[in-house]
Every structure is written in structure tokens, then in C-alpha cells.
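Q: Can we walk through this structure together? I'd like to start with how the strands fit together.

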Amino acid sequence: MIVTLTLNPSLDRTIDVDRLVKGTMTRTRSARIDPGGKGVNVSRALLANRVPTVAVVTSGGADGEQLVRLLEGDGIAVHAVPVAGRTRSNVTIVEPDGVVTKLNEPGEPLSRDELGAVADVVLDEAEGASWAVTCGSLPPGVPADIYARLCEFFTSAGVRVAVDASGPALLAAVGAGPHLVKPNREELAEAVGRPVASVGDAVEAARELRERGAGTVLASLGADGAVLVDKDGVTIGTAPVAAPRSTVGAGDALLAGFLAAGADGAPALAEGLAWGAAAVRLPASRMPGPDDIRRDIVRIDARPDLGRSLIA
Ligand SMILES: Nc1ncnc2c1ncn2[C@@H]1O[C@H](COP(=O)(O)OP(=O)(O)O)[C@@H](O)[C@H]1O
Ligand SMILES: O=P(O)(O)OC[C@H]1O[C@](O)(COP(=O)(O)O)[C@@H](O)[C@@H]1O
């Protein structure tokens, strides 16, 4: 069982337009609503591939109720903790060439008591679980060390912890010694305080996060694939997609695939890459199921070129 926690979930609204021009009225081509938030997406991807999972989320107002209805409609085991603040909506605008513009709300504040209630629920749900996955931005008012504190609780209960966060929350979590962190390129660069412009830069930055406490670093690099740095060394792979449709949720699919495959070494990296590429071929934040995942496109580089520049 893999338990995910999303403190700041969202209704993801994806809008397709022919062209987005700032400051003009744009007629939309289609729109779609998905349950969103990083942990939510990890659970959606796991369930789509029949891996047992529970999603712990906060839920506030009519949008929170809709989020829970959508998740339950998909058959996801969801434990929703009611909160006073409205669940946010994140908007993604997609142009035909695959260019994506994201507008993510900060979410409404969580009180101390609400945070305590969520922590009780997730610690309870994680009892006996193989992984606890704590993901996404923190709502206003939530201390930046929340993932670090939860990590200590999970670890002492014998549950492995994966963290997908950014900024101070990621840095604090790394110091608490999680089994796995999944930064993307920007998050990695911010964490080490220097640009990540090449595959070698990503490897060095991932090594630094390991030195600071993370057990395994799965650094996702968009179209450049991903770098895995763990106790056994460095593994690098790619899974090219000729015509990406939507990259929203690709990182969540990568993480889900990596965990589903056992979170260890090249086989797990390859599975994560296959799931991430499949997500990119699907519209909006749809998560891939078995029929969408192609393992034949994955390449694990036996002799990676560390000097290779990353796509801008
Ligand atoms: N344009 C793309 N082409 C092929 N694969 C992609 C593309 N964008 C993302 N991916 C896949 O999705 C994974 C996660 O994407 P990334 O953008 O790094 O993460 P996040 O969604 O967390 O920002 C990548 O490691 C890669 O496997
Ligand atoms: O919590 P954040 O950082 O605002 O991100 C939330 C958004 O990220 C997503 O989980 C997508 O994640 P990625 O595109 O980073 O994989 C959306 O479902 C959600 O709207």
C-alpha cells in the first residue's frame, strides 16, 4: 500500500486554445476538469496500474466536495479531511504546439488544528504501508518543515518516505533523511543555489542532496529524461516523446512508476520514465494506465554524456 498526502490539492482546469495572446480575449476550444495536486496524481497513476493506494487530502467548500467526488468516481480510496478554506483551482492553458501556461493558486490557509487533524489521519493511514508520499506546495500558514516532521514520524514507524516539494519545504525535508526525493530541474537548481544546465550539473546537484540527507534522488529533467542518484551510483535515462500533448502531471507519473517498480536502480528508473512519457502523450493531467505505457521507448544510458546541455 502506498499512501499519498496532498495538503494543497486542486481542481485542475485544463483549457485548450489555438493561441494565447496576453491582453486579448481568447475563445477556448475545449476544457476539462481533473482532480489535481501532486499526491493525488501519484495515487491516480498507481490505481490506474492496479497498485493499492490511499490518497489523503484536505477538502474545503464546493470545489473540495467536487474533488472528492471525482476521485471516488475514479475508484480511488480517498480520506478527505474537511477544512474551512476553499480547495483551490489550478488552471493550465495548452496551445496546439504543446506550450503550456500554468496558473497555480496558493490555496487557502490551513489552521494549526486542521494541520494536526491531517497529520493524525495520514499517520494512521500509513500504518503498515510500504511508502508515504508527501507532495506539492504548502498552503499558507503551514510551516516549511512539515514534510520534515512527518518524515521523522513515518521513518520511526518503519514506513519509507518520498517527498516531492520545492523551496524551503524540500530543503527541510532533505535534512530529515527521506528515502527518496523527486525534484525537477528548477527545484534541484533552487535547492543547491546554482544553475542546472547540463546532465553533469544535475548529477552533482543530486549528489549534494544525498550528502545533505536524502537516500535516493530521482531528478526529473523534462524532455531530457531523469537522473537517479542512489547508494549504488548514478543512472541516467530518457524516453523521447515526438509530440507531447500535456506535461501536466508528468513528474507525478514518473514518481508513481518508480515507486510501483520497487524504487530501486535502473529497472525502477526505466518504469518511471515509461510512465512519465505516457503521461506526456495524454491530454491534460490524465494519468496513464497499462494500455498507455510503452516500455520500448526507454533508453538507460550505459555511457552517459555528462557534458550534454539540457534543453532550455
Ligand atoms: N517534453 C517531454 N518529452 C518527453 N518526456 C517528458 C517531457 N516532459 C516531461 N517528460 C517526462 O516526465 C518526467 C517529469 O517531467 P518534469 O517536467 O521533469 O517534472 P515535473 O512535472 O515534476 O515538473 C520527465 O522525467 C520525463 O520522463
Ligand atoms: O502544489 P503545486 O506545486 O502548486 O502543484 C500542483 C499542481 O501540480 C500538479 O500536481 C501537476 O504536477 P507536475 O506537472 O509538476 O507533475 C497538478 O495536478 C497541480 O495542479
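A: Sure. This is a predicted model. Start with β6 and β7: 4 bridges join them, and the two strands run antiparallel.

Q: Which residue stands opposite L103 of β7?
A: That's V91.

Q: And what's between the strands in that hairpin?
A: There are 5 residues between β6 and β7. G98 in this hairpin takes a positive phi near 90 degrees.

Q: How many bridges join β2 to β6?
A: 7 bridges. β2 covers residues 10–17, and β2 and β6 run parallel.

Q: What is the bridge partner of R13 in β6?
A: V91 again. So V91 pairs with R13 and also stands opposite L103 in β7.

Q: Now the side chains of β6. Which ones are buried?
A: They alternate along residues 88–94. R88, N90, T92 and V94 point to one face and are buried. S89, V91 and I93 point to the other face and are not buried.

Q: New topic: ligand 2. Which residues come nearest?
A: There are 17 residues around ligand 2. G36, N90, G136, S137 and G251 come nearest. You've met N90 already, as one of the buried residues of β6.

Q: Which elements supply at least two residues of that shell?
A: β2, α1 (38–48) and α8 (250–260) each do.

Q: Which gives the largest share?
A: α8, with 3 residues.

Q: How does the shell divide into nonpolar, polar and charged?
A: It has 2 nonpolar, 12 polar and 3 charged residues.

Note on methods
Residues are numbered from 1 along each chain as its sequence is written. Chains are lettered from A and ligands numbered from 1 in the order in which they are written. This is a predicted model: local features need pLDDT of at least 70, side-chain atom pairs count only at pLDDT 80 or more; totals for chains, interfaces and linings use all residues. A residue is buried if 20 or more other C-beta atoms lie within 10 Å of its own, exposed if 12 or fewer, and partly exposed in between; C-beta atoms are placed from the backbone. Two strands pair if DSSP finds at least two bridges between them. A residue is near a molecule or strand if its C-beta atom, placed from the backbone, lies within 6 Å of it. Ala, Val, Leu, Ile, Met, Phe, Trp, Tyr, Cys and Pro count as nonpolar, Asp, Glu, Lys and Arg as charged, and the others, Gly among them, as polar.
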